[in-house]
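I wanted to look up how the protein chains meet the DNA strands and one another. My notes follow in the order in which I checked things.

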4 protein chains.
Amino acid sequence: MSTEERVRHAAVRLFAEKGFHGTGIRELAQEAGISSASLYHYMGTKEDLLVAIMRECLDRLLRGARQAVDGVADPRRRLASLVSLHVLVHARQPAETRVVDNEVPALSESARKEVVGLRDQYEQLWADAIDDGLRHRVFTVAEPTVTRLALLEMCSGVARWYSPRGPLDLDRLAGHYACLALRMLGSADDECPQAVETARMVVSRVW
Amino acid sequence: MSTEERVRHAAVRLFAEKGFHGTGIRELAQEAGISSASLYHYMGTKEDLLVAIMRECLDRLLRGARQAVDGVADPRRRLASLVSLHVLVHARQPAETRVVDNEVPALSESARKEVVGLRDQYEQLWADAIDDGLRHRVFTVAEPTVTRLALLEMCSGVARWYSPRGPLDLDRLAGHYACLALRMLGSADDECPQAVETARMVVSRVW
Amino acid sequence: MSTEERVRHAAVRLFAEKGFHGTGIRELAQEAGISSASLYHYMGTKEDLLVAIMRECLDRLLRGARQAVDGVADPRRRLASLVSLHVLVHARQPAETRVVDNEVPALSESARKEVVGLRDQYEQLWADAIDDGLRHRVFTVAEPTVTRLALLEMCSGVARWYSPRGPLDLDRLAGHYACLALRMLGSADDECPQAVETARMVVSRVW
Amino acid sequence: MSTEERVRHAAVRLFAEKGFHGTGIRELAQEAGISSASLYHYMGTKEDLLVAIMRECLDRLLRGARQAVDGVADPRRRLASLVSLHVLVHARQPAETRVVDNEVPALSESARKEVVGLRDQYEQLWADAIDDGLRHRVFTVAEPTVTRLALLEMCSGVARWYSPRGPLDLDRLAGHYACLALRMLGSADDECPQAVETARMVVSRVW
DNA sequence: AATGAATGAGTGTTCATTCAT
DNA sequence: TATGAATGAACACTCATTCAT
């Protein structure tokens, strides 16, 4: 593993564990196995490093999500795939995703704009699937916007508690969340296994 | 409003907005309208202040939750009331609840133990309702533990986005979440209005 | 002497001796007899301190120069008084004046504008006296602008070498420079003693 | 232009513009178009580079000054030639000369001794001319030492303001300063054109 | 009750310099 | 000849906290 990768990994781990402001540059350097001065060969400012982490994670998520929904007509399958992918990624990369989810307020104005922009594009894919499902009457739910937010928070929460050492494997986890999501939307939950399959394929392609 | 309250409010607002480590003592003092030295008449250390905020919030939530479920036999109504209460509180007090949800890693070992202990007691009430519902076959869900976590994350997420200036009033919000929850558990969602009523009563009693 | 004054004196001494960039904040603190953290009770940034020193020195010089020329009709006496005052001040306060003369490039854009503005006002008084003298034919010199600059550099140079422990007292020094200046301008040099008298009075009033 | 020359030029430019302590090694490298590590193939330490610049400039000036006065009997012509040469050099090479004039305090003890020694030899030529002129009664001035310092500061000041884009060409500038100098010394100022001629010849030989 | 003054330890970042390649 | 990589020390500045008044 290159030094640059070690720096990145150290930052992801520490920012996730102690927060951006709770992580010192010297701590970061020690975790990466170099001096704090050397750190600056591999990054700009501490914030630049944070932005790079967020951008890459969101970029991948957005790219993956697009692959998961592109060309899929059935909104139930689209939504289920989005949920599965989101859960898979949050369970496999809890550190990265927690940084993305928690440290937005630590960003400066301009960086925040970029990051929020990416996140908005991503969430739009969820909104489209939900709207489509409502229009085609395969979803029945009172508040689509609130429900979308509820879904996203529910799925992102996985990064806060999932442990690979627990009894649940990733596929069953993702499948279960897909079921919960379809239930919330008032739909039958028989699309889940195929959605998990799609999500797994996307993950193997993008990560 | 007493000075002590002003300090508490300032801390809640800033810890929620910028995080514990992102908030300076001088910033806190300025927001409270006193000098940073005077701050120390109203608190111990900065961490003591954080702990006090978390403890009070969790205490109230736990007390409220107990009032909401005590003596209620139907697990659907218990669960729906817990969800409604949780959502109401997170929508009405987003700053306090975000501090509780986000700043646990900023605590020292011993303080963390206490706070996590309170949270565990609180979550146990949810677990009990779910288990009870499964036992009585009013709930049908594959992974009760995962589902409980999904529910909690979904509901806590409200604090991250709800705005009182939006189109949804608190009661409808709480009711909608109760419906979503019952759906997730594979139950009919006709207990929601009463659950909201219960939650409102509890809130008015405890806060 | 108050702590604030000690800080100011330390800064003047060190900035003059080693330059702004050559003076560390810790060195400054040590010279002032406080910790480097305490320094920040008595100043904004290091640059703010520099600007304050420059502003005060230039303000005084400008005020003094105006008092020295106001209401004096004879341009020879005006010019001689300006020279005497300039020399007196640079000999008595070599540290302050060297900071003003040497550290302008260390200033940020906006601060530099202010400082250069003050200096320009000051130099204008010299330009006016010279122009007036040429118009009234009491001065005879080919290049008035160049000559003004030559005069100013010559007089400012005093701060770089004059020592109060040398054989020349301040009055004779100032008088000699006034003579040199009048000679450069092609004028008789009999106004000097009165000019020194004027300068001494101004100095005692403004400093 | 060789890399070594590019380094030298970059250093001269930056040391003059921002001072020795205000110039970073990376900045220097960038200005020279190489990496900061490569810099060390062409210099010793940063201070060595400064010393080399100063030494060369002072060496040339001293050599030039000797050529300008050697074998010239008339002290007026000697003094006028020294002034002309000094002004020409300071106007043509403002960066080098400002470094020499401003950065002496940045030198370590031993380097400072060497540089000050060169400067003293140079100034001695001025002192000799003045003393000679006084002895032969072609100069009339009260304080020869002070006057020498005033002359030197006046002439060195040229480097701080002269611009080749201004209305004055170098010869007229040098001639004007020679006149000012002779006036200061109480002498007729008719030696100037020849002095400028001498200075120009010396410059073309030494630089 | 309130705060100006004070500080040791720490912040993120840059410094001049070295060295293996 | 040239440079990426590396670093200990220093940079200007802020931290949470204490204490005399």
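I began with the UniProt record, an unreviewed entry, which lists a "DNA-binding region" at residues 24–43 of chain A. In the model, which is predicted, I found the end C-alpha atoms of residues 24–43 of chain A 15 Å apart. That span is 40% helix and 0% strand.

The record, again as an unreviewed entry, also places "domain: HTH tetR-type" at residues 1–61 of chain A. For residues 1–61 of chain A I get 66% helix and 0% strand, with the end C-alpha atoms 23 Å apart.

DNA strand E

I next asked which residues come nearest to DNA strand E. Of the 31 residues around the strand, the nearest are H41(B), Y42(B), S38(C), H41(C) and Y42(C). I then looked at which part of the strand faces the protein: sugar and phosphate make up 50% of the atoms of DNA strand E that come within 4 Å of the protein.

I noted three individual approaches from chain A. A polar backbone atom of I25(A) lies 2.7 Å from a phosphate oxygen of DNA strand E. The side chain of K46(A) places an N or O atom 2.8 Å from a phosphate oxygen of this strand. R26(A) goes to a base instead: an N or O atom of the R26(A) side chain is 3.1 Å from a base nitrogen of DNA strand E. The elements giving two or more residues to the surface near DNA strand E are α2 (25–32) of chain A, α3 (36–39) of chain B and α2 (25–32) of chain D. I sorted that surface by class and got 12 nonpolar, 13 polar and six charged residues.

DNA strand F

I repeated the search for DNA strand F and found 32 residues around the strand, the closest being S38(A), H41(A), Y42(A), H41(D) and Y42(D). Sugar and phosphate account for 51% of the atoms of DNA strand F that lie within 4 Å of the protein.

I wrote down three phosphate approaches here. A polar side-chain atom of S38(A) is 2.6 Å from a phosphate oxygen of DNA strand F. For Y40(C), an N or O atom of the side chain sits 3.0 Å from a phosphate oxygen of the strand. S35(D) uses a polar backbone atom, 3.4 Å from a phosphate oxygen of DNA strand F. Two elements give two or more residues to the surface near DNA strand F, namely α2 (25–32) of chain B and α2 (25–32) of chain C. The residues of that surface comprise 12 nonpolar, 14 polar and six charged.

Chains A and B

I then turned to the protein interfaces. Chain A puts 28 residues in contact with 28 residues of chain B. The two chains bury about 2,400 Å² between them, with 64% of that area on carbon and sulfur atoms. Which residues of chain A lose the most area to chain B? They are E153(A), H176(A) and R183(A), together 23% of what that side buries.

I counted four salt bridges across the interface of chain A and chain B. One that I recorded joins the side chains of R172(B) and E143(A), at 2.6 Å from N to O. On the side of chain A that touches chain B, α1 (3–18), α7 (144–156), α8 (158–161) and α9 (170–184) each supply at least two residues. The largest share, seven residues, comes from α9(A). By class I have 14 nonpolar, seven polar and seven charged residues on that side.

Chains D and C

For chain D and chain C I again found 28 residues of chain D in contact with 28 of chain C. Here the chains bury about 2,300 Å² between them, 64% of it on carbon and sulfur atoms. E153(D), H176(D) and R183(D) supply 24% of the area that chain D buries against chain C, more than any other three residues.

My count between chain D and chain C is four salt bridges. E153(D) pairs with R160(C) in a salt bridge at 2.4 Å, N to O. I also have 10 residue pairs in polar contact across this interface.

Pairs without contact

Last, I checked chain B against the two remaining chains. Chain B and chain C do not touch, and their nearest C-alpha atoms are 13 Å apart. No contact joins chain B and chain D either, with the closest C-alpha atoms 32 Å apart.

Methods. Residues are numbered from 1 along each chain as its sequence is written. Chains are lettered from A and ligands numbered from 1 in the order in which they are written. This is a predicted model: local features need pLDDT of at least 70, side-chain atom pairs count only at pLDDT 80 or more; totals for chains, interfaces and linings use all residues. Side-chain values use heavy atoms; hydrogens and water are left out. UniProt positions are given in the numbering used here, feature names are shortened, and annotations may be inferred rather than shown by experiment. Helices (H or I, at least four residues) and strands (E, at least two) are DSSP runs, numbered from the N terminus. A residue is near a molecule or strand if one of its heavy atoms lies within 4 Å of it. A polar contact is a pair of N or O atoms within 3.5 Å; within protein, one must be able to donate a hydrogen and the other to accept it, and residues adjacent in sequence count only if both atoms are side-chain atoms. Ala, Val, Leu, Ile, Met, Phe, Trp, Tyr, Cys and Pro count as nonpolar, Asp, Glu, Lys and Arg as charged, and the others, Gly among them, as polar. Contact means heavy atoms within 4.5 Å. Buried area is the accessible area (1.4 Å probe) that two parts lose on being put together, summed over both.
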